[in-house]
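Visitor: Could you walk me through this structure? I'd like to go piece by piece and ask as I go.

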Amino acid sequence: MRSLEVLVLVIALCHEWCHSETVETKTLRLCISQNSCENCLEASLSCAWCSDWSYTNSSHGKPRCNVPERLKDFGCPPEEIRTAHPGSVTLVEDFNFKDVEVADEIPVQLRPQKVKAKIRPNSKTVIQLRYRPAKNYPLDLYYLMDLTWSMKDDKDTLVSLGWNMTNTLERFTNKFRLGFGTYADKPLMPFVFPGHEENPCKSALAECSPLYIKEVYVDYFKL
């Protein structure tokens, strides 16, 4: 049993070593394949460029683009080894969240407000943003609805939800307006059957208002 545990441990260590070796080999291959300082520093943060004019070129097995440790081993002066800046993110403005307490006050709903970022070409960075809706932020909610027979169920639902909507909105802001607009389909096929213009609901054996295409009823109100 003891021998089995040792064998499993050895296999795990070998697997980890092979994986690390593979990653290192890929990085080296990526670095030494670059033939200019710009391409070298953009390829990977692990790559460095030797700018010493007397340093031998790749034809002698010492490429100018390599990992810093190998450049030093190959004789490149440390002060001539160029490495890429890893990038940085600096918060410029990060004010606390702020609700609307007086008229014309500017709320703060997003943090941070300004960020200065230095990002290497062909790389990415993550900037954490936080959002919180400001209380009493002005809100306009407008409903435009088709009042023809096919939308009867939706109309009834909207009517039943009317007061619930106002109560829900008041939890977030006391500065809101609700607007309702209506329209009807064009008096043409396939919107309405020929001869049913005065009573579009005739095919459903019901009575409803004639179609209209220009009249629009809009009402904004504050509760």
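**A walk through the chain**

Guide: Happy to. Let's start with a sheet: this open sheet holds 3 strands in the order β2-β1-β3, and their pairing is antiparallel. Strands here are DSSP runs of E with at least two residues, helices are runs of H or I with at least four, and both are numbered from the N terminus. Two strands pair if DSSP finds at least two bridges between them.

Visitor: Before we go on, what sort of model is this, and how are residues numbered?

Guide: This is a predicted model, where local features need pLDDT of at least 70, side-chain atom pairs count only at pLDDT 80 or more, and totals for chains, interfaces and linings use all residues. Residues are numbered from 1 along each chain as its sequence is written, and side-chain values use heavy atoms, with hydrogens and water left out.

Visitor: Thanks. Back to the sheet: which strands stand at the edges?

Guide: Those are β2 (65-66) and β3 (81-83). Each has a single partner strand, so one side of each is left without a neighbour in the sheet.

Visitor: And how many bridges join β1 and β3?

Guide: Strand β1, residues 48-50, pairs with β3 over 3 bridges in the antiparallel sense. For one of the contacts across that pair, look at Trp49, whose bridge partner in β3 is Arg82.

Visitor: Does Arg82 do anything with its side chain? What does it meet in a salt bridge?

Guide: The side chain of Arg82 meets that of Glu80 in a salt bridge, 3.4 Å from N to O. The term means a side-chain nitrogen of Lys or Arg within 4 Å of a carboxyl oxygen of Asp or Glu. Arg82 is partly exposed at 37% relative accessible area, and Glu80 is partly exposed too, at 22%. The cut-offs are under 20% relative accessible area for buried, over 50% for exposed, and partly exposed in between (1.4 Å probe, protein chains only).

Visitor: How many salt bridges are there in the whole structure?

Guide: The search finds 6. One of the others is Glu93 with Lys114, whose closest N and O atoms are 3.9 Å apart. That pair links distant parts of the chain, with Glu93 in strand β4 and Lys114 in strand β6 (residues 114-118), 21 residues apart.

Visitor: What about Lys98 and Glu105, is each buried or partly exposed?

Guide: Lys98 is partly exposed, with a relative accessible area of 36%, whereas Glu105 is buried at 18%. Their side chains meet in a salt bridge of 3.1 Å, N to O.

Visitor: Let's switch to the inside. Which residues make up the largest nonpolar core?

Guide: There are 7 residues in this core: Cys31, Cys40, Leu41, Cys47, Trp49, Cys65 and Ala84. A nonpolar core is a set of buried Ala, Val, Leu, Ile, Met, Phe, Trp, Tyr and Cys residues joined through side-chain atoms within 4.5 Å. A second, separate core has 6 residues, including Cys50, Tyr55, Cys76 and Ile81.

Visitor: Lots of Cys names there. What does Cys65 touch?

Guide: Leaving out residues up to four places away in sequence, Cys65 touches Cys31, Ile32, Gln34, Cys40, Cys47, Ala48 and Trp49. Contact means heavy atoms within 4.5 Å.

Visitor: Now the outside. Which residues make the nonpolar surface patch?

Guide: The patch of about 610 Å² is made by Val89, Leu91, Leu110, Val115, Ile127, Leu129 and Tyr131. Leu91 sits in strand β4, residues 88-93. Patch residues have over 30% relative accessible area and no salt bridge; like charges are joined within 9 Å, and nonpolar side chains (Val, Leu, Ile, Met, Phe, Trp, Tyr) within 5 Å.

Visitor: Which residues does Glu42 touch?

Guide: Beyond residues up to four places away in sequence, Glu42 touches Arg120, Pro121 and Asn122. Glu42 belongs to helix α2, residues 37-43. Glu42 and Arg120 are 78 residues apart in sequence, yet 7.0 Å apart in space, C-alpha to C-alpha.

Visitor: And Pro86, where does that lie?

Guide: Pro86 lies in the loop between β3 and β4 and counts as exposed, at 59% relative accessibility. Neighbours within four places aside, Pro86 is in contact with Leu45 and Arg120.

Visitor: Last one: how many helices and strands are in the chain?

Guide: The chain has 4 helices and 10 strands. Of its 223 residues, 24% count as buried.

Conventions: Accessible areas come from the Shrake-Rupley method with a 1.4 Å probe; for residues, only the protein chains shown count as cover.
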